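Reader: I am new to this structure. Please take one part of it and go through that part closely, beginning with any term I will need.

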Amino acid sequence: MIYRLLASKVAAIVWGLLVITLLCLAWTKQPAIDTSMMSLLPESQQQPLVREASAQMGQRFAERLIILISGQDKQQLQQATQTIAERYQQIPEVDSVVWQIDDQQIEQSQHASDAYRYVLLTEKMRLALQNNTEAVAKRALSMIYSPMQMGGQNLKADPFGLSSAWRSAQSPLINIEMDEQGYLRLPGDNGFTNLLIIQLKGDAFSINVQQAVLSVFDELTTRFSEQDIELLPSGLLVHADAGARQAEKEISTIGLGSLAGILILMLWVFRRVRLVTVLLLPIVVGCAVATAVVMLVFERVHIVTFAFGAGLIGVAIDYALHFICERQRHQLVLPRIMPGLFLGLFSSVLAYAAIAMTPFPGLRQMAVFSAVGLIAAWLTVVIALPRLTQNDPLKELSAAKRLQQWQAACPALAKNNGFKYGLAILTIMAIAIIWTGKTEDDIRLLQTSPAHLLEQETRIQTRLGLNSSTQFLLIPCDQLEQCLQQEEAIRPWLSQLVDNGNLVQFSLLADRLPSLKRQESNAYLVETLYNAELKKLFTTLNLTDAAATQAMEMMQYGLANRLTAEQLPNNGLGGILSSQIIHTDHNGLATMVSLTASQPRQLAQQLSLKKHFPELVLVDQVEAISSLMADYRQQIMIWIALAYLLLFVILFSRYKLAAWRIIMPPMLASLFTLSILMLCLPGINLFHIMALILVLGIGLDMGIFLTETQQAANTWLAVTLSVITSLLAFGLLSLSQTPVLQHFGLTVFLGLAMIWILTTLLRQPSQGVE
């Protein structure tokens, strides 16, 4: 009854309408395409403040595109810079463009701290005031008489040169200068290099934003290359676009390559175009439905999902192959193969469901795509193929006969003691290699940008003087004042680490924004200086008592000023520098201390935070994600072992002692594959382990079908063709330049090849012959 219902015209119509409905709904939704490799990773389990700080650091890089414009002719370069800026200002995807600072902004930036001159003191000035105010007065006198004091300083407002001392001690946050017209430029270059900072309005991973912004860049690069003007971009947008282009290329290569290989193979085996067309129908429906479902379920679909899904072509044809091969021998097919079809689907979907249960968003999408695609292909086979082949004649397949003859010449070694002992020794060796082998849980493996882009990015960041380190200290506190006081307390300790060579540099917010407590202390020191040295200084300079009185009054009035975070001077650079203050809605705030370590991997040990400052948090974004990957790798290995145990129980309930023939090949193939990868690669990672789930699922398909049909010749042909198509799909996947896809492809390729070999060798001597 169930077979008649599945093969009925009503079932075909309902299934067809459902497929069309899903495709139409997906077409109207049009979700965003994600190209960020980081979105493949699980959500951070770190503290909210740590997550917010990491996000803020990444946001600085994500929201901006920096363009360096280099040439030999200054005037020509300025005209080009203005043209480029005006062109980008016309693009809807661009929020703002900064390329020139006007005179007023320059003046404000240079003298923004003057109003707080009496409370802003360098460490060197503080020590001098605490020890010897007379020496400070002598230094001020020498500065006043110095020929380098162009235009002189305002002796009433700042007779001791406190403002100039503060400004000269402030190291620049970014290596940018401004020429006489206010153009942003980089110093120390042969020729001239101007700078243009673009604030993006959209997401850097949006393909629409990438196309809109970078198409203009390509146009301008071509245009100005004729004038010997070079344009170099820097920003996440550039790397996201490179990743998207690479994934798009691989989707077409893997998908079309798999399809072409399948077509050639099927035509060679079946020698009928119509039959090959029927075989392709489940693939087309499976891929179309899978694409529609992931677009409906997920707001953002990762482009790697489609590249990985291209490998589905080699797997989705499996059910159709078993149906068609069996159809060449029998008129009524479904009752014969339905148990095997269903168990095969169940085992594969179970494998993908295990992947979907992991906390990796990108892998969830891949699992949903593959599971839905297989289910759709399976339904297409059981619903559509009986109707499409009902009038086909029975025909013996010559390929099945040749495979049968080859198997007759190939020894079946299931009962050969020498083979058993050899297999046992190989298994023990594989386990030993896995036990002692190396792992490589490094987030850097997800890097997809071409080498020349990474080198260019490093060069630009170095020239800009930006800190590209992913390590920083986080100082949690209830109020900003507490954070600033803590920064001032750790400054000597950090300076000592620099002197010892453990740190290259560090950056404290307190160096630009002293705590109110420190400003209060500074005010007292300055007042002491004025009371002790002002009249003597003005007498030496032959200035009147009235002038000294005015200077004293200005000091008394200015002592009340306090610099706060809201009053920090704006650098006018389009927010290129991220704030070091981290705010959250419910978890207080913190300040970030950026660090550049001489040996990043040893930084945690060198800092010894628990010993010196246990309240501080060292954040190492690379190490945190790499550790997370290692944890999940270990967990998934346990899950796989439990999956084998559960599946053996299920298979034993139907096949009894024959269940070992189904589960042994994928289990041994997984061990051998893992050991080979450990011997040939620097180490295995999470994605190699995840691929073993697919090896298990696909390998069980093979064993179940062979056991259900007593390893008939046509079933062997279907299994072999299925393995070849899967090897083709995942073999192409292993050539991918995207590491995640490469790891999946290589592991599944090796695993499936070994499953077929082991299944052939472990067969019963009398089997494989009808």
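Author: A crossing of two helices is called left-handed if the near helix is turned anticlockwise from the far one by less than a right angle, and right-handed if the turn is clockwise. The model is a predicted one. Here the term applies to helix α2, residues 9-29, and helix α15, residues 361-388, which pack with their axes 9 Å apart and at an angle of about 140 degrees. Only angles over 145 degrees count as roughly antiparallel, so α2 is oblique to α15. The crossing in which α2 passes α15 is left-handed. On the α2 side, the contact is made by Lys9, Ala11, Ala12 and Trp15, and α15 contributes Ala376, Leu379, Thr380, Ile383 and Arg387. Of the residues in this contact, six are nonpolar, two are charged and one is polar.

Strand β2 gives a second view of packing. It spans residues 64-71, and eight of its eight residues are buried. The cover lies on both faces of β2: Arg64, Ile66, Leu68 and Ser70 are buried on one side, and Leu65, Ile67, Ile69 and Gly71 are buried on the other. β2 also pairs with other strands. With strand β6, residues 192-200, β2 forms eight bridges in the antiparallel sense, and Ile67 is set opposite Leu196 of β6. Strand β7, residues 230-234, runs antiparallel to β2 and is joined to β2 by five bridges. There, Leu68 has Leu232 of β7 as its bridge partner.

Key. Residues are numbered from 1 along each chain as its sequence is written. This is a predicted model: local features need pLDDT of at least 70, side-chain atom pairs count only at pLDDT 80 or more; totals for chains, interfaces and linings use all residues. Side-chain values use heavy atoms; hydrogens and water are left out. Buried means under 20% relative accessible area, exposed over 50%, partly exposed in between (1.4 Å probe, protein chains only). Helices (H or I, at least four residues) and strands (E, at least two) are DSSP runs, numbered from the N terminus. Two strands pair if DSSP finds at least two bridges between them. Axes are lines fitted to C-alpha atoms, for helices over the stretch in contact, and angles run from 0 to 180 degrees between N-to-C directions. Angles under 35 degrees count as roughly parallel, over 145 as roughly antiparallel, 65 to 115 as roughly perpendicular and the rest as oblique. Contact means heavy atoms within 4.5 Å. Ala, Val, Leu, Ile, Met, Phe, Trp, Tyr, Cys and Pro count as nonpolar, Asp, Glu, Lys and Arg as charged, and the others, Gly among them, as polar.
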